[in-house]
Amino acid sequence: MLILGIETSCDETSVAVVENGRILRSNVIFSQIEMHRKTGGVVPEVAAREHIIKIIPVIEEALLKANCSMSDLDAIAFTYGPGLMTSLLTGINTAITLGKVLKIPLIPVNHIEGHMYANWIITNSNESTPEPQFPLVVLTASGGHNELILWKNHGEYKFLGATLDDAAGEAFDKVARLLGLPYPGGPQISKAAEKGDGSRYNLPRAWVTKFDFSFSGLKTAVLRLVENHSEQLKDEQFINDVSASFQESVVEVLAKKLAKAAIKFGVKEAHLAGGVSANKRLREKARETLPTNVALKFCTDLTLCTDNAAMIAAAGFYRYQANSEKYKTWKPVEGNPNLALKNW
Ligand code: KG4
Ligand code: ZN
């Protein structure tokens, strides 16, 4: 089954072709990062206009790279939410129009569920990777979401915890801004941290309830630190050390909670998903913290960690397998598509 995936939830216009939910045929991503760097963050109005310009060329390129045409497609999966409504609309309307014209099923996908399916995708570099095995625990950490989930089977979730305030990626972005690093902050902090000393500043770890997260206190602690050392903001070593200390604090909490969940539910696999799963230190810390009999999985291809349409096509495939009749006749219904997976 050949699925066209469309993702426009934030600042990436992405279209992919995925075969049978796992085999990557193409994954074209047009990132607006350079544009939003000028304003230090995403301006929804600007993002929306850029999606309108890029969506058709990106679809054409994805089909070309996958060596197929519209008539070869069996279904269209698209991000229905959560995300910036003005950005989502371009992908949603394009998908609905294409689906109606081609007379093929339309599969609305939750963006976070999409991130979770990125670990199912087979690329040229991980061909021999075995299919993930349920039950497993997955940590989703992105710019807008941070959840710990026991994933029992396709479509079967137990939501263990979530952030009570900022998501991990949001904390990376806000701290980067405090340090004068460009948008998006995550990759910048992680780069600075490689040259820094993570033990120089003892920043707080918020353990809150068992599987929930909270990063706003940490963000405030960094703000105070920076205010008290404002003369050092031009000192590269200071930036590197604060970045490393902050990163240690975030990854320690994320890794320990992931390990705690893996042990409690006796799973054999733990997954990292979402933009923050691109963080090298998080991957190392999770490996160190998880019991040795629990396999750790994440996407080695960084373009599959951050927003992309291949993960949406993969998630769409499994949704379709579970309930094909529903998607053959799907149409938009009243209600808010901008809901977390728990309320989807
Ligand atoms: O999943 P994603 O691409 O978009 C959302 O769904 O939000 O995640 C983007 C987030 C941003 O906050 C970005 O700073 C963070 O992921 N991120 C990272 C890294 N790469 C991206 N955070 C830490 N380390 C990284 N290497
Ligand atoms: Zn995302």
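At 12% relative accessibility, which lies under the 20% limit for a buried residue, Thr90 counts as buried in this predicted model. Thr90 is found in helix H3, which comprises residues 85–102, and, with neighbours within four places in sequence left aside, it is in contact with Thr8, Ala48, His51, Ile52 and Ile55. The C-alpha atom of Thr90 is separated by 16 Å from that of Asp307, a residue 217 positions away along the chain.

Asp307 is in turn one of the residues that coordinate the zinc ion (ligand 2), to which His111 and His115 contribute NE2 and Asp307 contributes OD, at 2.0 to 2.1 Å. In sequence, the spacing of these donor residues follows the pattern H-x3-H-x191-D. Distant parts of the chain are thereby linked, with His111 placed in helix H4 (residues 111–117) and Asp307, 196 residues apart from it, in the loop between strand S10 (295–297) and helix H10 (310–322). Both His111 and Asp307 are buried.

A second buried threonine, Thr123, is found in the loop between H4 and strand S6 (136–141); Thr123 counts as buried because its relative accessibility is 10%. When residues up to four places away in sequence are not counted, Thr123 touches Leu24, Asp301 and Leu304. Between Thr123 and His271, which are 148 residues apart in sequence, the distance from C-alpha to C-alpha is 17 Å.

The loop between H4 and S6 also holds Pro135, and the peptide bond that leads from Phe134 to Pro135 is cis, with omega near -5 degrees. Another cis peptide bond joins Gly81 to Pro82, with omega near -10 degrees, and in this case the proline is placed in the loop between strand S4 (75–81) and H3.

Positive phi angles are found at Asn67 and Lys103, neither of which is a glycine. For Asn67 the angle is about 60 degrees, and the residue is located in the loop between helix H2 (44–65) and S4. With a relative accessibility of 68%, Asn67 counts as exposed. For Lys103 phi is about 55 degrees, and this residue belongs to the loop between H3 and strand S5 (106–110); Lys103 likewise counts as exposed, its relative accessibility being 72%.

With regard to the chain as a whole, 11 helices and 10 strands are present. A compact globule of 344 residues would be expected to have a radius of gyration near 20 Å, and the value of 20 Å computed for the chain agrees with this expectation. Along the principal axes, the C-alpha atoms fill a box of roughly 60 × 45 × 40 Å. Of the 344 residues, 54% are buried, and, among contacts with a separation of 6 or more, 73% are accounted for by residues 24 or more positions apart. The area exposed by the chain is about 14700 Å², of which carbon and sulfur atoms supply 53%. The chain carries 37 positive and 37 negative charges, and the mean positions of the two sets are 4 Å apart.

Technical notes. Residues are numbered from 1 along each chain as its sequence is written. Chains are lettered from A and ligands numbered from 1 in the order in which they are written. This is a predicted model: local features need pLDDT of at least 70, side-chain atom pairs count only at pLDDT 80 or more; totals for chains, interfaces and linings use all residues. Side-chain values use heavy atoms; hydrogens and water are left out. Helices (H or I, at least four residues) and strands (E, at least two) are DSSP runs, numbered from the N terminus. The radius of gyration is taken over C-alpha atoms; the globule rule is 2.2 Å times the number of residues to the power 0.38. Buried means under 20% relative accessible area, exposed over 50%, partly exposed in between (1.4 Å probe, protein chains only). Contact means heavy atoms within 4.5 Å. Accessible areas come from the Shrake-Rupley method with a 1.4 Å probe; for residues, only the protein chains shown count as cover. Lys and Arg count as positive and Asp and Glu as negative; His and the chain ends are not counted. The place of a charge is taken as NZ of Lys, CZ of Arg, CG of Asp or CD of Glu. Donors are N, O and S atoms within 2.8 Å of the metal (3.2 Å for Na, K and Ca); water is not among the atoms, so sites may look incomplete.
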